[in-house]
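I am opening a notebook on a structure that is new to me, and I want to set down what I look up in the order in which I look it up.

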Amino acid sequence: MTITVPGREGKYTKSDEKILEFMESHTDEFLFMSIGEVAKRLEVSEATISRAARHLGYRDFKEMKNEIIGQKTGKGAAGKIAGTLLKTQGFDIGKWFAMQQECLSSTLENFDQKEFSRAVSQIQSARNIYIHGKNASASSAQLLFFRLRRLGYKVFMVPSGGSEVIEGIVHAGEGDLVIIFSYSKVSVEGKMILEYAKTAGYTTMAFTSRLYAPQEQRADINLYVYRGEKEEFHSMTAPAAMIDALILALSEKDQGDTAQNLLKIQKLKEKFKQK
């Protein structure tokens, strides 16, 4: 990463150049270091780093670091985390939980009851349910898989990437439901799943963080969940809450079957626990 600084073309001391080179070549690491940690790493004094910050056009080390965080914000996982910490002026658990409340509130503000009811009905009537998630969304996919399987639904995990995705959905057809997690964008694999639905005839459902998406990137059913701004560290609070809401709604509709499946699991656990 090339860092833009106010006095980038000025004359610097060897220490200035050393610090600037470290910031440019180890930006992700630098974002989370204190002035003391940087000084120890570069074997210079904290006073030297403070002087370098002023030579580079900043008031102090803090302003220099915050400026670089601003340049890095939204670029990669480290930049998103650093951007979130900058927004809250350092990690504070109270502020973090307040941000989670914002995620839930925004999700509720844009909640579509009709779409949610369609999702519940489609899951309930599906012959088979296939779930796909990759990278960060893989955790959401696993949670939904676990919850649905526990209720007795016939559910399958689709491999996360590559040609294995095709192998995972090749048998899906009419009467089946394929669920994808495509928060800020639809992955290559997600696009394959949506495209193949036109031929195979299965229904698609997506968890998304976009209120608008091109028609070709939309599933048949779309559940909106807010995970934070684009440049921030993205929360999984709202997706987890939406998944649990689906499970509770399904349990209410299938009280008898749900109770029987859970009781069967409980009895098997008790049986094998004794051995």
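**Entry 1: the chain as a whole**

I began with the contacts, and I noted that of those in the chain with a separation of 6 or more, 69% are between residues 24 or more positions apart. I should record at once that this is a predicted model. I then looked up the secondary structure and found 13 helices and 5 strands in the chain. The chain has 275 residues, and 41% of them count as buried. For the surface I wrote down an accessible area of about 15500 Å², with 52% of this area belonging to carbon and sulfur atoms.

**Entry 2: the sheet**

In what order do the 5 strands stand in the sheet? I read the order as β2-β1-β3-β4-β5, in an open sheet whose pairing is parallel. Because β2 and β5 each have a single partner strand, they stand at the edges, and one side of each is left without a neighbour in the sheet. From one strand to the next, I noted a twist that averages 20 degrees. I also looked for a helix lying on these strands, and I found that α8, residues 113–125, lies across β1, β3, β4 and β5. Its direction makes an angle of about 125 degrees with β5.

**Entry 3: strand β1 and its two partners**

I turned next to β1, which covers residues 129–132 and has both faces covered. On one side I found I129 and I131, on the other Y130 and H132, and these residues are all buried. Strand β2, residues 155–157, runs parallel to β1 and is joined to it by 3 bridges, with I129 standing opposite V155. Following the chain from β1 to β2, I passed through helix α9, residues 137–150, and I noted that this β-α-β crossover is right-handed. Towards β3 I counted on 4 bridges, again with the strands running parallel, and here Y130 stands opposite V178.

**Entry 4: strand β4 between β3 and β5**

Is β4, residues 203–208, mostly covered or mostly open? I found it mostly covered, since 6 of its 6 residues are buried by the cut-off of under 20% relative accessible area. T203, M205 and F207 lie on one side of β4, while T204, A206 and T208 lie on the other. Strand β3, residues 177–181, pairs with β4 in the parallel sense over 5 bridges. The path from β3 to β4 goes through helix α11, residues 188–200, and I recorded this β-α-β crossover as right-handed. Along this pairing, V178 stands opposite T204, and I179 stands opposite M205. On the other pairing of β4, I found β5, residues 221–224, which is parallel to β4 over 4 bridges. In that pairing M205 stands opposite I221, so that I could place M205 in both pairings, given that I179 stands opposite M205 as well.**Entry 5: aromatic rings**

I wanted to know how aromatic rings are placed, and I noted that a pair of such rings is described by the distance of the centres and the angle of the planes. How many aromatic pairs does the count come to? The count comes to 5. One of them is Y130 with F156, a stacked pair with 5.3 Å from centre to centre and 25 degrees between the planes. This pair links distant parts of the chain, with Y130 in β1 and F156 in β2, 26 residues apart. I compared the cover of the two residues: Y130 is buried, with a relative accessible area of 7%, whereas F156 counts as partly exposed because its relative accessibility is 34%.

I then looked at F181 and F207, whose ring centres are 4.5 Å apart and whose planes lie at 15 degrees, so this pair is stacked. F181 belongs to β3 and F207 to β4, and the pair links distant parts of the chain, with the two positions 26 residues apart in sequence numbering. Both F181 and F207 are buried. I also noted that ring pairs link F181, Y183 and F207 into a cluster.

**Entry 6: a residue in helix α12**

My last search was for L250, which I found in helix α12, residues 237–253. L250 counts as buried because its relative accessibility is 0%. Measuring by C-alpha atoms in the model, I placed L250 at 8.7 Å from L151, although the two are 99 residues apart in sequence.

Technical notes: Residues are numbered from 1 along each chain as its sequence is written. This is a predicted model: local features need pLDDT of at least 70, side-chain atom pairs count only at pLDDT 80 or more; totals for chains, interfaces and linings use all residues. Side-chain values use heavy atoms; hydrogens and water are left out. Buried means under 20% relative accessible area, exposed over 50%, partly exposed in between (1.4 Å probe, protein chains only). Two strands pair if DSSP finds at least two bridges between them. A crossover is right-handed if, with the strands pointing away from the viewer, the path from the first strand over the helix to the second runs clockwise. Rings of Phe, Tyr and Trp (its six-membered ring) pair if their centres lie within 6.5 Å; planes under 30 degrees apart count as stacked, over 60 as edge-to-face and the rest as tilted. Contact means heavy atoms within 4.5 Å. Accessible areas come from the Shrake-Rupley method with a 1.4 Å probe; for residues, only the protein chains shown count as cover. Axes are lines fitted to C-alpha atoms, for helices over the stretch in contact, and angles run from 0 to 180 degrees between N-to-C directions.
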